[in-house]
Amino acid sequence: MIVSICTIALNESAVLNGLFRDISQQDYPHENIEVVFVDSMSKDNTREMMEDFKNTHYSFKDVKIVENHGNNQASGWNQALKNATGDIIIRVDAHASIPRNFVSKNVLHIKEGENVTGGGRPNIVSGVSPWKLTLLAAEESLFGSSIASYRRQTTEKQYQDSMFHAAYKREVFATVGGFNEALGRTEDNEIHYRIRQAGYKLCCCPDIISYQMTRNTLKDMIRQKYGNGKWIGLTLGVCKECLSYFHFVPFLFVMAVLGSVLLSFLGLPIFLIALGCVYGIFDIVNTATCFITRKVYPHFLLLPLLFPLLHIVYGVGTIVGLIKLPFWKRSLDGSAEKKIEEVRQAVIHNTK
């Protein structure tokens, strides 16, 4: 089976060498691997690095470099789908690392009858420092980030609602089409919802694993959490079915804080006290868990402040998204649906 490994990148020169190394070391026959790189008009030397990879002799079936003139990841993934010709299409983020058997394991499970496969996706850091490891601890904590099971390696095969770094049989995209380019951060949730609605299952396999790079600075992590929260709010107006209740927990926390503060000004501080006590218990317990389960650094003492900061930023992002929702929704012109169908037709046309 021919496999297309697809990656999009925007100014990712700092991390691409590691991913290039991982791709070049895959144990699946290189003559059956097609690599599709999508450059989203990078201002650094991302494009030049892609060209260097293409010109290096790795014996791949083909290495393609295409441009994404859109303004988000969904448009980049659609460009990848339009140019991929493999029987299996694998999505790998630029901020990622994959083991040598990543492709071969996915192919094995698809040959066994699965349509969409993947595995756990723990977080790692690029370069080790006490502060980066503190951000990693916050990101990996169930309290600090997400309870999504795909973030951790599984011990048994299970079917999930969404996955990172998944492998798809070509027919999946020939059925559901491409990504929704109206969405900025939740495009994977939305397309996985359509995939499930079409009758396909997303199989998380215990012998497949990949890794995602945690943001290396607090500023970048805050920007990421705010953007994620904002797009949760906006997506509510497009595909509320692809979101879970857990996506709105930070929003509810921020609203509870605001409501409790207001009630305190009205002479009812008990609600703010109760909220502070309950949240404080979770904050302390999860901080203690990080101290117990990890190599400890002095920076870990900042975790009790880092956890609420990330929650508040995410929740505020959702509030902003909900406020912008009616105006943003009026700006949608139906072009996203047309592009979804264009990709579907291109995938069908490229089928061999």
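Here are three short exercises, with worked solutions, on a predicted model.

**Exercise 1: a helix and its faces**

Find out whether the buried residues of helix α12 line one face of the helix.

*Solution.* Start with the length. Helix α12 has 16 residues (335-350), which at 1.5 Å a residue should span 22 Å, and its end C-alpha atoms are indeed 22 Å apart. Next, list the residues with under 20% relative accessible area, the cut-off for buried: in α12 these are A336, I340, V343, A346, V347 and N350. Now look down the axis of α12: its buried residues fall within an arc of 125°, so they do line one face. That buried set packs against α3 (73-83), α6 (170-176) and α7 (187-197). On the face turned away from the buried side, you will find the exposed residues E337, K338 and H349.

**Exercise 2: a pair across the sequence**

Work out which parts of the chain the salt bridge between R47 and E67 ties together.

*Solution.* Side chains of opposite charge can pair when their charged atoms come close. For R47 and E67, the closest N and O atoms are 3.3 Å apart. R47 sits in helix α2 (residues 46-55) and E67 in strand β3 (residues 62-67), so the bridge joins parts 20 residues apart in sequence. Finally, look for a wider network: R47, E51 and E67 are linked by salt bridges.

**Exercise 3: a pair within one helix**

Describe how E341 and R344 are placed in helix α12.

*Solution.* First, the two residues are three apart, about one turn of the helix. Then check the contact: E341 and R344 form a salt bridge, with the closest N and O atoms 3.0 Å apart. Last, consider exposure: E341 is partly exposed at 33% relative accessible area, and R344 is partly exposed at 22%.

Note on methods: Residues are numbered from 1 along each chain as its sequence is written. This is a predicted model: local features need pLDDT of at least 70, side-chain atom pairs count only at pLDDT 80 or more; totals for chains, interfaces and linings use all residues. Side-chain values use heavy atoms; hydrogens and water are left out. Helices (H or I, at least four residues) and strands (E, at least two) are DSSP runs, numbered from the N terminus. The expected span of a helix is 1.5 Å times one less than its number of residues. Buried means under 20% relative accessible area, exposed over 50%, partly exposed in between (1.4 Å probe, protein chains only). The arc is that of the directions from the helix axis to the C-beta atoms. Contact means heavy atoms within 4.5 Å. A salt bridge is a side-chain nitrogen of Lys or Arg within 4 Å of a carboxyl oxygen of Asp or Glu.
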